[in-house]
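Thanks for making time this morning. I would like to walk through one protein with you, and I ask that you keep the sequence and the picture in view while I talk.

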Amino acid sequence: GGGSQSNVGAQSLDRIMNWELSAFERFWETRYQGIFRANSALETMDNVPEWSSEKVKNQLLAEVYFLRGFYYFQLAQVFGQVPLVVTTEAKNLPKANADEIYAQVASDLKMAIELGSGAKWPDLEVGHATKWVAEAIMARVWMFYTGFYKKSELPLVGEGSVTKADVVGWL
């Protein structure tokens with residue numbers, strides 16, 4: 001199950017038991033709450049009049065992009081197609097196809113890699129996403145997408161793609 005003895009949700013999924021009305025409702029809600037917060041941060045980051053340094057701003061942006069990409073990766077693995085929400089504007093959106101979702105995941109992770117701190121632990125506080133974790137998750141996303149969907153490259157939003165050479169270079 002992957003959880004502690006007090007993690008009822010992980011235990012119930014491990015044993016294919018439903019312990020609440022919808023076994024995946026909490027998973028869905030928490031991921032979309034995180035996505036909303038990430039979208040809100042991206043939309044309002046420029047409202048901060050002055051940063052202590054550009055490095056601090058870039059690290060926070062990298063963490064926001066990482067989290068949004070990671071949440072969409074988790075949603076796509078569990079549900080396949082999900083609504084792709086990239087703003088805080090309230091809309092009723094249809095499900096996006098796998099190519100659109102994985103393009104967003106790859107684009108967000110690429111931004112996290114480009115903006116993220118190259119600091120190694122313990123120089124960066126515990127629990128913060130670094131470019132290293134973004135690169136590792138990008139590799140996992142690339143392997144899943146190209147393996148499961150039988151593609152040779154991972155698409156990016158707009159133009160371009162993440163290739164095997166890109167992933168190997170990051171790792």
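**Aromatic pairs and the core around them**

Let me begin with Y149, which has a relative accessibility of 26% and therefore counts as partly exposed. Please keep in mind throughout that this is a predicted model.

Y149 has a ring partner, F144: the two ring centres lie 6.4 Å apart and the planes stand at 80 degrees, which means that the pair is edge-to-face, since an angle over 60 degrees is what that word requires. F144 is likewise described as partly exposed, because its relative accessible area is 24%, and the band for that word begins at 20%.

Stepping back to the whole chain, the protein has six helices and two strands, and from the N terminus the order of the elements is α-α-α-α-α-β-β-α. It has 171 residues, of which 36% count as buried, and it exposes about 10,400 Å², with carbon and sulfur atoms supplying 55% of that area. Among contacts with a separation of 6 or more, 56% are between residues 24 or more positions apart.

Returning to the rings, the structure holds 15 aromatic pairs. One of them joins Y102 and Y145, with 5.2 Å from centre to centre and 40 degrees between the planes, and this pair is tilted. Y102 belongs to helix α4, residues 98-115, while Y145 belongs to helix α5, residues 131-148, so the pair ties together parts that are 43 residues apart in sequence. Are these two rings buried or exposed? Y102 has a relative accessibility of 0% and so counts as buried, and Y145, at 2%, counts as buried too.

What, then, does Y102 touch beyond its neighbours within four places in sequence? Its contacts there are F73, A76, Q77, V141, F144, Y145, Y149, L154 and P155, and you will recognise F144 and Y149 from the edge-to-face pair I described at the start.

Y102 also appears in the largest nonpolar core, which has 37 residues, and where Y102, V141, L154 and V162 touch the most other members. Helices α2 (25-44), α3 (54-79), α4 and α5 each supply at least two residues of this core, and the largest share, nine residues, comes from α3.

Two further details concern rings elsewhere in the chain. Ring pairs link F24, F27, W28, Y32, Y72 and F79 into a cluster, and K131 lies over the face of W132, at 5.2 Å from the ring centre.

Note on methods: Residues numbered from 1 in each chain as written. Predicted model: local features only at pLDDT ≥ 70, side-chain atom pairs only at ≥ 80, totals over all residues. Heavy atoms only, no water. Phe/Tyr/Trp six-rings, centres within 6.5 Å; stacked < 30°, edge-to-face > 60°. Helix = DSSP H or I, 4+ residues; strand = E, 2+ residues; numbered from the N terminus. Buried < 20%, exposed > 50% of the residue type's maximum accessible area, 1.4 Å probe, protein only. Lys NZ or Arg CZ within 6 Å of the ring centre and 35° of its normal. Contact = heavy atoms within 4.5 Å. Areas by Shrake-Rupley, 256 points an atom, 1.4 Å probe, with all protein chains shown as cover. Core = buried A, V, L, I, M, F, W, Y, C linked by side-chain atoms within 4.5 Å.
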